[in-house]
Amino acid sequence: MVALLDVCDLAVTYHGTRGDVPAVRGVDLTLDVGETLGIAGESGCGKSTLALALLRLLPAGTTVTGQVLLDGDDVLAMSWGQLRAVRWAGSSIVFQGAMHALNPVHRIGRQIAEPILLHEEVTEAQAHQRAADLLTQVGLPTWRAASYPHELSGGQRQRVMIAMALACSPRLIIADEATTALDVMIQAQVLDLIAGLVAERGIGLLMISHDLSVLSSTCARLAVMYAGRVVEVGPARSVFTSPAHPYAGALAAAFPTIGDPNSRGRPRGLGGDPPDPAAIPSGCPFHPRCPVVLPECSTADVGLWPVDGGDRHAACVRAAGAPPLSSGSRCGTGQ
Ligand SMILES: Nc1ncnc2c1ncn2[C@@H]1O[C@H](COP(=O)(O)OP(=O)(O)O)[C@@H](O)[C@H]1O
Ligand SMILES: [Mg+2]
């Protein structure tokens with residue numbers, strides 16, 4: 001069976017005034033219809049770059065290599081016409097702060113109906129009916145269609161953004177810190193809403209957050225990113241409760257409570273910062289911060305290694321329990 005999303009050895013390098021910035025370095029991921037995959041990691045680990053690369057939304061001139069298959073079609077090789085169609089009907093992204101992207105001078109209903117009118121052969125009345133149905137699905141009364149964005153609360157605006165993401169019935173939704181700006185109670189409601197819609201509609205969900213506990217409550221599987229790589233991937237429960245990679249362990253300990261605002265800025269108990277992608281340490285990139293570092297960690301660059309009998313993979317010498325693997329393409333491991 002063809003996976004909904006199949007990312008293979010994806011690498012992204014920005015070329016800026018500071019030189020080359022390898023923000024994503026060989027990521028492999030798969031996601032099936034109806035599956036939820038969370039991507040965790042501190043700020044700067046390459047999560048948003050990964051999300052943008054999946055739909056080719058990166059700035060012009062950025063180098064992207066590897067493969068991104070959406071329903072078996074190679075996104076990186078698509079023409080602009082194909083890409084436009086995929087961005088609306090195939091997949092949608094809900095970004096952090098996207099609720100501020102609503103047009104202040106247009107009513108909510110019109111903004112939800114717009115992409116439907118643009119991309120599907122429907123009448124104005126049908127598009128507005130669909131917009132009203134979508135409002136109901138995200139828990140807003142249909143009369144809200146006549147409201148302007150400033151008349152809604154932050155949580156309500158985020159629900160509108162989710163309705164817009166659902167408008168053209170995408171098969172994949174990428175939510176990048178979509179609830180981070182909301183307070184804890186509203187965040188939990190919006191997450192429940194997203195999880196419910198995903199289950200109901202059989203959508204694939206890629207949910208990105210710096211907060212591992214938020215992801216573990218919403219997603220079935222988790223991938224933890226560090227310095228542009230996936231360092232652990234597996235069932236959310238086991239990654240969160242018994243992490244195999246020390247970085248995943250540090251993140252899990254840093255976010256003990258779902259959506260805890262006190263650990264939002266900087267993970268608690270984790271000293272230092274993720275490396276500057278322009279100066280990534282040799283060996284395991286986490287070794288300078290690792291609480292259980294071994295002498296070989298400064299030279300051994302370990303690739304993902306199966307733990308738990310292969311259900312989970314971690315890129316750590318300790319998890320490998322064997323001579324370190326050389327890194328490089330992990331395509332074909334099914335991870
Ligand atoms: N347009 C860009 N040009 C150069 N570097 C960038 C650009 N966008 C992001 N970066 C760098 O890439 C790295 C990863 O960023 P990002 O993907 O936003 O991480 P995250 O979403 O995990 O916080 C960071 O070091 C960031 O500074
Ligand atoms: Mg980001």
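Visitor: How many of the 9 residues in α9 are buried?
Guide: In this predicted model, 7 of the 9 residues of α9 are buried, so the helix is mostly covered.

Visitor: Which ones are buried in α9?
Guide: They are Pro-246, Tyr-247, Ala-248, Ala-250, Leu-251, Ala-252 and Ala-254.

Visitor: And what covers the buried residues of α9?
Guide: The cover includes three strands and helices you can pick out by number: β3 (36–40), β9 (221–226) and β10 (229–235), along with α7 (212–218) and α8 (236–241).

Visitor: Let's stay with Tyr-247. What does Tyr-247 touch?
Guide: Leaving out residues up to four places away in sequence, Tyr-247 touches Gly-41, Glu-42, Cys-45, Val-224, Met-225, Tyr-226, Val-231, Leu-270, Phe-286 and Arg-289. Tyr-247 also belongs to the largest nonpolar core, where it is among the residues that touch the most other members.

Visitor: How many residues are in that largest nonpolar core, and which others touch the most members?
Guide: The core has 93 residues, and besides Tyr-247 the ones touching the most other members are Leu-5, Leu-29, Leu-50, Leu-54, Ile-112 and Ile-174. Helix α5 (residues 154–166) gives the most to this core, with 7 residues.

Visitor: You listed Arg-289 as a contact of Tyr-247. Where does Arg-289 lie?
Guide: Arg-289 sits in the loop between α9 (246–254) and β11 (305–307).

Visitor: Is Arg-289 buried or exposed?
Guide: Arg-289 counts as buried because its relative accessible area is 13%, and the cut-off for buried is under 20%.

Visitor: What does the side chain of Arg-289 reach?
Guide: It reaches the backbone oxygen of Gly-272, at 3.0 Å. Apart from neighbours within four places in sequence, Arg-289 is in contact with Glu-42, Tyr-226, Tyr-247, Leu-270, Gly-271, Gly-272, Asp-273 and Pro-274.

Visitor: OK, over to the ligand. Which residues are around ligand 1?
Guide: Around ligand 1 you'll find Tyr-14, Ala-23, Pro-59 and Pro-277, plus Glu-42, Ser-43, Gly-44, Cys-45, Gly-46, Lys-47, Ser-48 and Thr-49. By class, that shell has 5 nonpolar, 5 polar and 2 charged residues.

Visitor: Which helix gives the most to the shell around ligand 1?
Guide: That's α1 (residues 47–54), with 3 residues.

Visitor: What polar atoms come up to the oxygens of ligand 1?
Guide: For Thr-49, a polar side-chain atom lies 2.5 Å from an oxygen atom of ligand 1. With Ser-48 the partner is a backbone N or O atom, 2.8 Å from a ligand 1 oxygen. Cys-45 has a polar backbone atom 3.2 Å from an oxygen of ligand 1. On its own, ligand 1 has 560 Å² of accessible area, and the protein covers 66% of that.

Visitor: Back to α1 for a sec. Why is α1 described as largely enclosed?
Guide: Because 7 of the 8 residues of α1 are buried, the rest of the structure largely encloses this helix. The buried ones are Lys-47, Thr-49, Leu-50, Ala-51, Leu-52, Ala-53 and Leu-54.

Visitor: What happens just after α1?
Guide: Arg-56 takes a positive phi there, about 55 degrees.

Visitor: New spot: Thr-13. Where is Thr-13, and what does it touch?
Guide: Thr-13 lies in strand β1 (residues 5–16). Not counting residues up to four places away in sequence, Thr-13 touches Asp-20, Val-21, Pro-22, Thr-62 and Thr-63. Thr-13 is also buried, with a relative accessible area of 19%.

Visitor: How about Gly-196, where is that found?
Guide: Gly-196 is in helix α6 (residues 184–201), and it is partly exposed, with a relative accessible area of 32%. Gly-196 and Val-138 are 58 residues apart in sequence, while their C-alpha atoms are 9.9 Å apart in space.

Visitor: And the place of Ser-153?
Guide: Ser-153 is in the loop between α4 (124–137) and α5. Ser-153 is partly exposed, at a relative accessible area of 38%.

Visitor: Last one, zooming out: how many helices and strands are in the protein chain?
Guide: The chain has 10 helices and 12 strands. Of its 335 residues, 52% are buried. The chain exposes about 14,100 Å², with carbon and sulfur atoms supplying 55% of that.

Terms used:
Residues are numbered from 1 along each chain as its sequence is written. Chains are lettered from A and ligands numbered from 1 in the order in which they are written. This is a predicted model: local features need pLDDT of at least 70, side-chain atom pairs count only at pLDDT 80 or more; totals for chains, interfaces and linings use all residues. Side-chain values use heavy atoms; hydrogens and water are left out. A nonpolar core is a set of buried Ala, Val, Leu, Ile, Met, Phe, Trp, Tyr and Cys residues joined through side-chain atoms within 4.5 Å. Buried means under 20% relative accessible area, exposed over 50%, partly exposed in between (1.4 Å probe, protein chains only). Helices (H or I, at least four residues) and strands (E, at least two) are DSSP runs, numbered from the N terminus. Contact means heavy atoms within 4.5 Å. A residue is near a molecule or strand if one of its heavy atoms lies within 4 Å of it. A polar contact is a pair of N or O atoms within 3.5 Å; within protein, one must be able to donate a hydrogen and the other to accept it, and residues adjacent in sequence count only if both atoms are side-chain atoms. Accessible areas come from the Shrake-Rupley method with a 1.4 Å probe; for residues, only the protein chains shown count as cover. Ala, Val, Leu, Ile, Met, Phe, Trp, Tyr, Cys and Pro count as nonpolar, Asp, Glu, Lys and Arg as charged, and the others, Gly among them, as polar.
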